[in-house]
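Here are some exercises to work through with the model open in your viewer. Try each task yourself before reading its solution.

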Amino acid sequence: MSLPLDHDGFVRRECPHCISQFKWHHGPANEEAEQQPSPTAYYCPLCGQPAGPDSWWTQEQIDYAKGVIAPAAARMVEDELKNAFKPTRSKYVKVSVKSSVDSREVPSPLTEPDDMITVTSPCHSYEPVKVPEDTSGPYHCLVCGQAFAV
């Protein structure tokens, strides 16, 4: 599953603490970023709270993933069960697998509007973020959490 990026290569994220959305760059933003180790935690640029790298999904991204992955996984399990019981058919024993897979259609792909402004921390300038235009800071560095003003 891939997530949409805006025109500058940023992906939408959501803080697990304050539930605010912002964006961070998908992949290294420049050569300096390519040489840096991946942090064990990131800090919300809006509230400054840390969380692990896999904690920043938006609710829309979670819903989309469930809509795409769950039916596909259920179909795979169903196919495996059908294949596993196929050899047991005989004149006296018949095993059948009835489908209970949710037949909902795959959700429409997510889109990513260019709706935020870029801010760069002075301490880790290689890791810019985008924040909603109606916020005023202070903001926090994505890498170390240090507060800064724009």
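**Exercise 1. Classify Cys47 by its accessibility, then describe its surroundings.**

Solution. Step one: Cys47 has a relative accessible area of 26%, so it is partly exposed; buried means under 20%, exposed over 50%, and partly exposed in between, with a 1.4 Å probe and protein chains only. A word on the ground rules: this is a predicted model, where local features need pLDDT of at least 70 and side-chain atom pairs count only at pLDDT 80 or more, while totals for chains, interfaces and linings use all residues. Residues are numbered from 1 along each chain as its sequence is written, and side-chain values use heavy atoms, with hydrogens and water left out.

Step two: place Cys47 in the loop between strand S3 (42-43) and S4. Helices (H or I, at least four residues) and strands (E, at least two) are DSSP runs, numbered from the N terminus.

Step three: list the contacts, meaning heavy atoms within 4.5 Å. Neighbours within four places in sequence aside, Cys47 touches Cys15, His17, Cys18 and His140. For Cys18, 29 residues away along the chain, the C-alpha separation from Cys47 is 6.7 Å.

**Exercise 2. Is Cys141 buried or exposed, and what does it touch?**

Solution. Step one: the relative accessible area of Cys141 is 1%, so this residue is buried.

Step two: Cys141 sits in the loop between S7 and strand S8 (147-148).

Step three: leaving out neighbours within four places in sequence, Cys141 has contacts with Tyr43, Ser121, Cys123, His124, Gln146 and Phe148. The C-alpha atoms of Cys141 and Glu127 are 8.2 Å apart, with their positions 14 residues apart along the chain.

**Exercise 3. Check the length of helix H2 against its expected span.**

Solution. Step one: take 1.5 Å times one less than the number of residues. Helix H2 (residues 59-85) has 27 residues, so it should span 39 Å.

Step two: the end C-alpha atoms of H2 are 38 Å apart, which agrees.

Step three: find the buried residues of H2, which are Gln61, Tyr64, Ala65, Gly67, Pro71 and Glu78. Strand S1 (10-14) is included in what covers them.

**Exercise 4. Identify the residues with the most contacts inside the largest nonpolar core.**

Solution. Step one: a nonpolar core is a set of buried Ala, Val, Leu, Ile, Met, Phe, Trp, Tyr and Cys residues joined through side-chain atoms within 4.5 Å. The largest one has 14 residues, and Phe22, Trp24, Trp56, Val119, Val129 and Leu142 have the most contacts inside it.

Step two: at least two residues of this core come from each of strand S2 (21-25) and strand S6 (129-132).

Step three: look at Trp56, whose contacts beyond four places in sequence include Phe22, Trp24, Tyr42, Tyr43 and Gln61.

**Exercise 5. Find two backbone features in the loops.**

Solution. Step one: a cis peptide bond, with omega about 10°, joins Gly137 and Pro138. Pro138 belongs to the loop between S6 and strand S7 (139-140).

Step two: Ile19 has a positive phi near 65° although it is a residue other than glycine. Ile19 lies in the loop between S1 and S2.

**Exercise 6. Where is Asp54 found, and is it buried or exposed?**

Solution. Step one: Asp54 is in the loop between strand S4 (50-51) and H2.

Step two: its relative accessibility is 65%, so Asp54 counts as exposed.

Step three: the C-alpha atoms of Asp54 and Ala41 are separated by 9.1 Å, and the two residues are 13 apart along the chain.
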